[in-house]
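User: Please walk me through how some helices pack here, and then one pocket. Short answers will do.

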Amino acid sequence: MSSARSGVLGLPSFRALCLSLGILLGLACPAAAGVQHAFAVFGTPKYAAGFEHFEYVNPDAPKGGDLRLFQLGSFDTLNPFAATGSLPSARGAGPHPIDLVGLTFDRLLVRSADEPATGYGLLAESLETAADGRWVVFNLRPQARFHNGSAITADDVLFSFETWKTYGPAVVQAPLQDVVRVEKLADRKVRFVFSPHADKAMPLIVGDLPILSKAFWQGRDITAPLSQAPLGSGPYAISLTEIGKQVALTRVADYWAKDLPAAKGLFNFEHIRTTFFPDAAAAFAAFKAGAYDIRYEYESKRWATAYGFPAVAQGQIIRQSLATHRIEPMRGFVFNLRRPLWQDARVRRALTLAFDFEGLNKALFFGQYTRSASYFANSDWAAAGPPSPAEQALLEPFRGQLADAALSGAYPLPVNDTPEERRRNLREAVDLLDDAGLSLKKGRRIDPRTGQPVAFEILVDNPSWRPICHPFIETLRILGIKATLKAVDRADYAKRLEHYDFDLISAHWPPIAWLGTDFSSFWSSQAADQPGGLNWPGIKNPAVDAIIEQLATASDRQAVIDRARALDRLLLWGDYVIPQWHMAVDHLAFWNRFVLPVVTPESGPQLMAWWIDSTKPSLLPPATANRKKHR
């Protein structure tokens, strides 16, 4: 499963011109809220100044041993800014891949895993914020160093900001447009000035940028692929690379931040080795043989039927099913509204009615999945039942642009628990297709715009989707629609998504990291035409734009909840996706040589807080031909 780099927060609206000019002309900034050790979007940080370590770590955890991870596919660069190519990541003890190159860089702030929206000083010894949130000052630690011993200075911070703003992924560039300017106040003091309507979380956004060495990149093409990692400052350095096959990281023994409260008890493994496998079957076979240590299992059939091998029975492999407490972003079949066929909402709704989740859950998923009925499932952001008075007030200005039911009731996600329900849903689908003008002739629906039979392609990145999509394709055939499944490799899939070259895809939005997140890069009209963006459906809805803008400037947690629920209703009632599913638990399997901290935060296990029990065997696999290939 993929993951995104950090969170994506808001594009601004604009206040009066005089306020903007006050910033642009360098007029006096508002009073500061004082020197702080941390920044929280809402409320106060959980950990007070002078705290010793996070609660979910063991500050005395021993260092040493190898952590062995895996990833599917390949990689061909270690440069985050390369114009082409893919970076290495790894599947570990978490629902999303680990950014291996990211472990070699430090940031101004580091997020705590047991709070939704708080960053603590890492490179920044302290920070100062304006009372109205219009600027933040970071004071750098004098001991902060790159791996070659050179000091990290304000010049490196300015260079990093400009580099990420210019060459970073679109979802990183977008929120950085809210930064009016960056100022070097001293060798270790930097101020970021924000636009009038910038998101409240902007200090977290800029504080989360990996800080680069300006000296390292001097004279280099920043968009060229790299087979050796750029100079970093983080707890690990890349020590071995075989492009496309494996990456090894080694713990930096003299890591400058190792005794800071935000790092204590973390990064306990001496080496982190990641092996890349061509497909899921090869990766699972290697896990059984002891070639790597940890896997999250997202194939329900495999979890239910394939873990009966001896290492599990003998207790060498531990299996756990952990209840999830994180927000589950929408996963679904995504319509590309740039295609004329999908521009009629009746056609989109008809296909939603034709999709039988309940049948799949029983036949293929062993009943392990929950239907996703929200873009923010498993959270209090999810819209449920009729709109509250606060939600109605937010939606009322758009009456006439929305279905009346959207202002008064819950989104009617179809249910197919019984044959009668399934027949009723298919009859409604037929009526909608007829109403949309897709007449039935000789068993085929005809597109009135082209006079041709309706046909489209479902694009996926894994052949394992074939048995999942087959019943859906058969139902569409009964309705007179020809759908074909196209499975491509991950690189081709990513390229086609970047350019919106698809009819229908199976995809899911990135994880949502904190309250206050703005979703401009996800669903705004501006993002619909942005290459490499996350508005895969191509949504251009003024009501969605307005609520996103209001969400970005919410003043407290309840305002965030009300506006997120209103946004959820707009997205659901837009029928932009056919909602799929999520797991209420995470299935985790790992070789029994690890020790876990006593406390696991609600966000899930923190792999970098684990350590190895040196009294247990290494379980390294024998030197077979396969091992020689993947090492």
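Analyst: H16 and H17 are roughly antiparallel to each other, where the term covers angles over 145 degrees. This is a predicted model, with pLDDT of at least 70 needed for local features and 80 or more for side-chain atom pairs, while totals for chains, interfaces and linings use all residues. Numbering starts from 1 along each chain as its sequence is written, and side-chain values use heavy atoms, without hydrogens and water.

User: At what angle do helix H16 and helix H17 pack?

Analyst: Helix H16 spans residues 542-552 and helix H17 spans residues 557-573. Their axes, lines fitted to C-alpha atoms over the stretch in contact, lie 9 Å apart. Angles run from 0 to 180 degrees between N-to-C directions. The packing angle is about 160°.

User: How many residues of each class are in the contact of H16 with H17?

Analyst: Contact means heavy atoms within 4.5 Å. On the H16 side, Ile547, Ile548 and Leu551 are among the residues that meet H17; on the H17 side, Leu567 and Leu570 are included. Ala, Val, Leu, Ile, Met, Phe, Trp, Tyr, Cys and Pro count as nonpolar, Asp, Glu, Lys and Arg as charged, and the others, Gly among them, as polar. The split is 11 nonpolar, 1 polar and 1 charged.

User: Are H9 and H12 roughly parallel or roughly antiparallel?

Analyst: Helix H9 (residues 345-354) and helix H12 (residues 419-435) have axes 8 Å apart. Their angle is about 160°. H9 and H12 are therefore roughly antiparallel.

User: Which strand gives the most to the lining of the second largest pocket?

Analyst: A pocket is an open set of points on a 1 Å grid over the protein atoms alone, where a 1.4 Å probe fits, with protein on both sides within 12 Å along at least five of seven lines; lining residues have an atom within 4 Å of a point. Strands are DSSP runs of E, at least two residues, and helices runs of H or I, at least four, numbered from the N terminus. Strand E2 (38-40), strand E8 (124-130) and helix H4 (202-207) each supply at least two lining residues. With 3 residues, the top contributor is E2.

User: How many nonpolar residues are in that lining of the second largest pocket?

Analyst: The lining also holds 10 polar and 5 charged residues. The nonpolar count is 14.

Technical notes:
Angles under 35 degrees count as roughly parallel, over 145 as roughly antiparallel, 65 to 115 as roughly perpendicular and the rest as oblique.
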